[in-house]
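Hello,

Here is the structure I promised to pass on. Please have a look, and then read on for what came out of it.

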Amino acid sequence: MSRILLAVTALAFLLPSAASAQITAQPIGNPYLAGGPPIVGQFAAVDHLSHALTSTGGVSGSRASHSVTVTVPGGGFVTGLEMGERQNRPCMLNLNWARIENGALFTGTTPYTRTGGCSGQSRQTVGVRGLRAPAEPDAELALRAVTGLKVCQNNGSDRVKGLALQARYIDNLSPQYAGLGASANAGRFERPNCNDWEQDFESCPNGRVMIGLEVHLDQQSGPEIKGLAPICGRLRIHQ
């Protein structure tokens with residue numbers, strides 16, 4: 001049976017200069033199912049998902065004195081990250097997500113915005129692969145979620161200059177939780193001056209997917225991104 005692969009919506013948000021900056025999140029555009037085939041197979045009975053058993057992993061890169069937390073809406077899961085920098089300083093991070101709501105699949109972003117200081121940045125994106133039209137009317141939905149990450153730094157300044165992701169299929173639905181199946185294709189990128197990759201991934205505990213990030217920043221220099229820690233949770237099923 002054919003599978004529809006999950007879309008990664010690329011939308012940007014800038015990192016804040018103050019901890020009081022607002023986080024906003026909303027579905028972007030139309031749900032996938034508008035004008036399309038209904039969800040069939042094991043996801044057909046899912047009305048929505050919620051988060052349970054949340055935890056924060058270790059920091060990939062450098063732990064800084066200042067950090068901000070970016071999370072997806074309830075029931076969402078991370079599908080990709082986009083990073084950007086200005087004048088060689090990593091200052092923008094884009095957290096993309098998907099969720100099932102009222103039987104429809106939405107993709108979106110959690111913008112975390114600071115005013116000024118990161119305009120005109122160049123960007124690179126990593127994430128699970130995109131959405132393809134079904135080959136058959138009854139094609140079953142295949143969802144993939146990010147489950148881990150590791151960064152590459154400039155060993156002279158500890159700036160994050162590269163990023164690699166792990167991902168797995170969301171599978172094995174039980175009456176209470178969504179389980180995880182086989183590993184799925186994810187991505188990585190390297191920017192100039194990436195010369196110190198972390199040896200190991202910071203991965204979510206077994207059965208959990210990434211639902212947010214703890215972003216570690218050097219406030220004195222921009223701010224600029226020094227390290228990332230995954231925030232993880234299980235996906236609870238509501239039918």
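To start with a small puzzle: is serine 157 buried, partly exposed or exposed? Serine 157 counts as partly exposed because its relative accessibility is 22%, where buried means under 20% relative accessible area, exposed over 50% and partly exposed in between (1.4 Å probe, protein chains only). Serine 157 is placed in the loop between β10 (140–153) and β11 (160–171); strands are DSSP runs of E, at least two residues, numbered from the N terminus. From serine 157 to arginine 89 the C-alpha distance is 9.9 Å, with their positions 68 residues apart in sequence.

A word on the basis. This is a predicted model, in which local features need pLDDT of at least 70 and side-chain atom pairs count only at pLDDT 80 or more, while totals for chains, interfaces and linings use all residues. Residues are numbered from 1 along each chain as its sequence is written, and side-chain values use heavy atoms, leaving out hydrogens and water.

The loop between β10 and β11 also holds arginine 159. Arginine 159 is buried, because its relative accessible area is 13%. Beyond its neighbours within four places in sequence, its contacts include Asn88, Arg89, Pro90, Glu224 and Lys226; contact means heavy atoms within 4.5 Å.

Now the interior. The largest nonpolar core (buried Ala, Val, Leu, Ile, Met, Phe, Trp, Tyr and Cys residues joined through side-chain atoms within 4.5 Å) has 42 residues, and among those touching the most other members are Phe77, Leu149, Leu163, Leu213 and Leu228. Elements giving two or more residues to this core include β6 (77–86), β7 (89–101), β16 (209–218) and β17 (224–238). Apart from neighbours within four places in sequence, leucine 228 is in contact with Leu93, Leu149, Leu163 and Leu213, among others.

Two arginines sit over rings, meaning that CZ of Arg (or NZ of Lys) is within 6 Å of the ring centre and within 35 degrees of the ring normal. Arginine 188 lies over the face of tryptophan 197, 4.3 Å from the ring centre. Arginine 234 has its charged end over the ring of tyrosine 177, at 4.3 Å from the centre.

Finally, confidence. The average pLDDT (the predictor's confidence in each residue, from 0 to 100) is 75, and 71% of the residues score at least 70. Strand β1 (residues 3–5) is lowest with a mean of 33, and strand β15 (residues 202–203) is highest at 97. Residues 1–37 stay under 50, and the pLDDT is also below 50 over residues 130–138.

Best wishes

Definitions and conventions: Helix = DSSP H or I, 4+ residues; strand = E, 2+ residues; numbered from the N terminus.
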